[in-house]
Amino acid sequence: MNDRITRILETLACWTLALLWAGPLLFALWAAFHGQEYLTRLDPTAPLTLDNFAQAWATAPFARYYLNTLAYTLCTLAGQFVLCTLAAYAFARFRFPGRDVAFMLVLVQLMIMPDQLIVENYQIMSALGLVDTIAGISLPYVASAFGIFLLRQTFKQVPVELEEAALVEGASRLQVLTKVYIPLGRPTYLAYGLVSVSYHWNNFLWPIVITNSVTTRPLTVGLAIFGAPESGVHFPIISAGTLIAVAPLLLAFLLFQRQFVQSFMRAGIK
Amino acid sequence: MKSVFRKAALAGVLVLAVALCLPGLSRAKDIELTMYYPVSVGGPITGIIDGMIGQFQAENPGIKVKAVYAGNYDDTRVKALAALKAGEPVQLSVLFSIDVFDLMDEDVVVPFDELVASDADRQWMQSFYPALMQNGMVDGKTYGIPFQRSTIVMYYNKDAFREVGLDPETPPATWDEMVEMGKKLTKRDASGKVERWGVSIPSTGYPYWMFGALAMQNGQELMNDKGDATMFDAPACVEALQFWRDLGAKHQVMAEGTIDWGTLRQKFLEGATAMMWHTTGNLTPVRNGASFEFGVAMLPAAKRRGSPTGGGNFYVFKQATPEERQAALTFIKWMTAPERTAAWSMQTGYVATRPDAYETQTLRQYVQEFPPAAVARDQFQFATAEFSTHETARVKKFLDDALQAVLTGQKEPAQALAEAQKGAERVLKAYR
Amino acid sequence: MTRISRTPQWLYGWLLLLPSAVLLIAFTHYPIVRTLYNSFFTTPRGRIPARFIGLENYQALLHDEIFLRVLVNNFLFALGTIPASVGLALLMAVWVNGTLPGRALARTSFFTPTVLPMVAVANIWLFFYTPQVGILEKMLAPFGIHGVNWLGDPSTVLWCLAVMAVWKEAGFFMIFYLAALQGVPPDLTEAARIEGAGRWYCFRRITWPLLMPTTIFVLLNATINCFKLVDHLFIMTKGGPDNASSLLLYYIYETAFAYWDTAYASTLTVVLLGLLALTALVQFLYLERRAHYR
């Protein structure tokens, strides 16, 4: 009896919390699909409208922002996959002088990300002529300590015998990497890929520093500019713009929720 | 897996290459001008500007203008300066009118006096409202030509005025009247909850701008013409700030704490405040959004009326070649011609920058149909320069912090302003 | 093994590492060193070059009220977000890991904020906190709470932002607990239950100690996040009113990119890096001493 009451109470508490957590997004949905006059009047019979989306879309170059975000996110990811794979392989399977020191130095980036070094990194990019380019947004993240760490752990679990067998058959080291290690590391790549894409899709501080114009500005920066106009905000349109910006990642998450959650889990357990 | 990787990498490289090439596609013999332009929201204004540029290019073959929309005024200054420091080709820009000292300190702007050659050009420089020229002139030289300019006006809800028995055609003309009317207009329900405030003066975003109005109305300017000294701690300033604080704390006609710049229009449109001080740039959105009859009035007076101007000026940069400078001048003259200024003002709600624009057929008719459009013009005779000094961003931060500290009840006006003055002194003494 | 003998292993290793090393040095290590170096100079302005001034920038720090304010704010923000988000994360994980009806939906709901950008979250929450017309005002009105100027009052603004941060982060930390809970052998708790131990007792004596490494990992993450999370300030308060909601990293941004005082911004960055290093050190020492960590 006592147990049942606890269970019911617990269920209710859990649902309340879940509702609280879903609330803000549900509200944004409400605001985006209704006229200004229904903003705080949650009348279920209120007429739905797509006007806010039309206006938001017409107000800011979201299509261009999408393209920029995609370019930035995918370039970063591609670079990370290649560079981190090579470095992780080196750390996992090679013995070379300075390896442990080098690994410690790599780990520094787990703690101090480029996001905290905006002042100097901006000047470096400026010297390299990479301000306001996709490469400029991407480069500081391409060599990722997190990726190297994760892949190194994965590669270390691959039995050495597999590699030796391949080498005996005459495969080169790089062939071993692509034929043995990378296929076996697939779940890690998926996990790391999802974490990386979510991170960079949502990244803001460095992009706002390094981008100047519509041709490079990613969605988050575009959204921030869109959301703070000089003359004042119009919430239904802001909500619509916000939803436009988050829709792809949000939909991907809702569709592939299990993969997302497992990826984040996998990436978190070191 | 391998081929997937190769493809992914290849795709990445391709996307990267395309993205890198995009900005640099157009190369021709024409004189190419790049202009940074401050708009936060893309839509309406970028469309209008792009349209104007298109028309200009059609009429002036040989000159190409590219506008880079970089966000609000602060963002645009940061971005334009960064581009200039990096040596990127930027020949002209519309930037905050108050950035003039910073642009001079960075040694990047050319005065228009060096660009104009003919008497007609010199006359053109005289054709704008003097109040709008103040921020662009230093030591007798003109560095900025007014374009996207605004000023503060008072929007009020006529229906609310009627409801409490006030004459909707007589908005408050003095501080005292504003307080008296504000008391009548402030509406509380049975539990004491405020349903509508009498008046709201925003205090985030641009608190120093609002304070510039209050101080001027009390007969005090905030800085000198050279931009190397501030008068924050003048008694008239302290008084003005005390009044601002009292609106909430003593008279209770305004919400206490800071009032958000961005969401204030929303509150006005929902009837949550009967009067609001805001930029003329809001005229069109308010007109489109109001479900009640609203009016626009000049700001009230204490010792006199007063409102600072605001907004963006055209600047031409030193790094432009002589040909580019002339092309830039041609473009700026074209953009500020009376009929275009008139059209610009009607489309955006920004003020028309010259008297003869208000004489054009179109604008005269517009003002007749929509009298609020003329309030900003009429207020020009009382207008002053917007707050501007060397290292403006930093100095105005001292003032902004002081204002917010007082409005939130953390500090007393005299103390807060004295501290702000001390901070400003520390920065500015290097420039004397 | 014939191929390998041609290239020595050490060289091969370094070659594999080289691309990453170059980028890491260029955008992490070199900037760290430069930050430190530049903090001993003045900011070059216009045609005036930088000048060595020793520790003057650091002395200025001690007299900089805004700096002290943002430091305290950062500390309060950590206090407001870390225990709450970690505690809620654990609660969520226990619920979602259990057998409650609707737990899949709850999990989705808890985790969703994690995939949203902070800028988007701030856009939405800004309207919650808007006085008079905002959602919070309407929701609290029946309880007689009204007229609170949530973001315009120095005494509430930081906590409002902390609540939002907890909402954003708890679901992220939940994932780690969820993973850890799934690793707890069920027979362990079952055995205890059979012996008549209460649920709370089981949790406290069996589950909680087993979750210790996760808790430490999450705490480390939460602490670092506190210093990184500033995106919302750009949208909601710009650090105001009177710096009441400003945080160290935001102040660094302002100093560097609004005032162009890069030398002072470097000095501030040194403090930030010092704090991060300290966090790492504390946690590292604690880990060494305490947790059964691999």
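Visitor: What does A:Ala87 touch, leaving out residues up to four places away in sequence?
Guide: This is a predicted model. In it, A:Ala87 touches A:Ile148 of its own chain, plus C:Leu16, C:Leu17 and C:Ser20.

Visitor: And which residues have the most contacts inside the largest nonpolar core?
Guide: A:Ala87 is one of them. The others are B:Tyr155, C:Ala89, C:Phe173, C:Met174, C:Tyr177 and C:Ile252.

Visitor: How many residues are in that core?
Guide: The largest nonpolar core has 300 residues. Helix α8 of chain C, residues 157-182, gives the largest share, with 19 residues.

Visitor: Which domains of chain B does this core draw on?
Guide: Domain 1 and domain 2 of chain B each supply at least three residues.

Visitor: What is in the second, separate core?
Guide: That one has six residues. Among them are B:Phe128, B:Tyr129, B:Ala131 and B:Ala383.

Visitor: Switching topic. Where do the domains of chain B run?
Guide: Domain 1 covers 13-149 + 310-371. Domain 2 covers 151-309 + 384-431. Taken over C-alpha atoms, their centres are 29 Å apart.

Visitor: How many residues does each domain put into the contact?
Guide: Domain 1 of chain B gives 19 residues and domain 2 of chain B gives 21.

Visitor: On the domain 1 side, which elements give two or more residues?
Guide: In chain B, those are α4 (100-105), α6 (130-133) and β12 (307-317). The largest share comes from α4(B), with four residues.

Visitor: What is the chemical make-up of that side?
Guide: On the side of domain 1 that touches domain 2 in chain B, seven residues are nonpolar, seven polar and five charged.

Note on methods. Residues are numbered from 1 along each chain as its sequence is written. Chains are lettered from A and ligands numbered from 1 in the order in which they are written. This is a predicted model: local features need pLDDT of at least 70, side-chain atom pairs count only at pLDDT 80 or more; totals for chains, interfaces and linings use all residues. Domain bounds come from an automatic or database domain assignment. Two residues are in contact if their C-beta atoms, placed from the backbone, lie within 7 Å. Ala, Val, Leu, Ile, Met, Phe, Trp, Tyr, Cys and Pro count as nonpolar, Asp, Glu, Lys and Arg as charged, and the others, Gly among them, as polar. A nonpolar core is a set of buried Ala, Val, Leu, Ile, Met, Phe, Trp, Tyr and Cys residues joined through C-beta atoms within 7 Å. A residue is buried if 20 or more other C-beta atoms lie within 10 Å of its own, exposed if 12 or fewer, and partly exposed in between; C-beta atoms are placed from the backbone.
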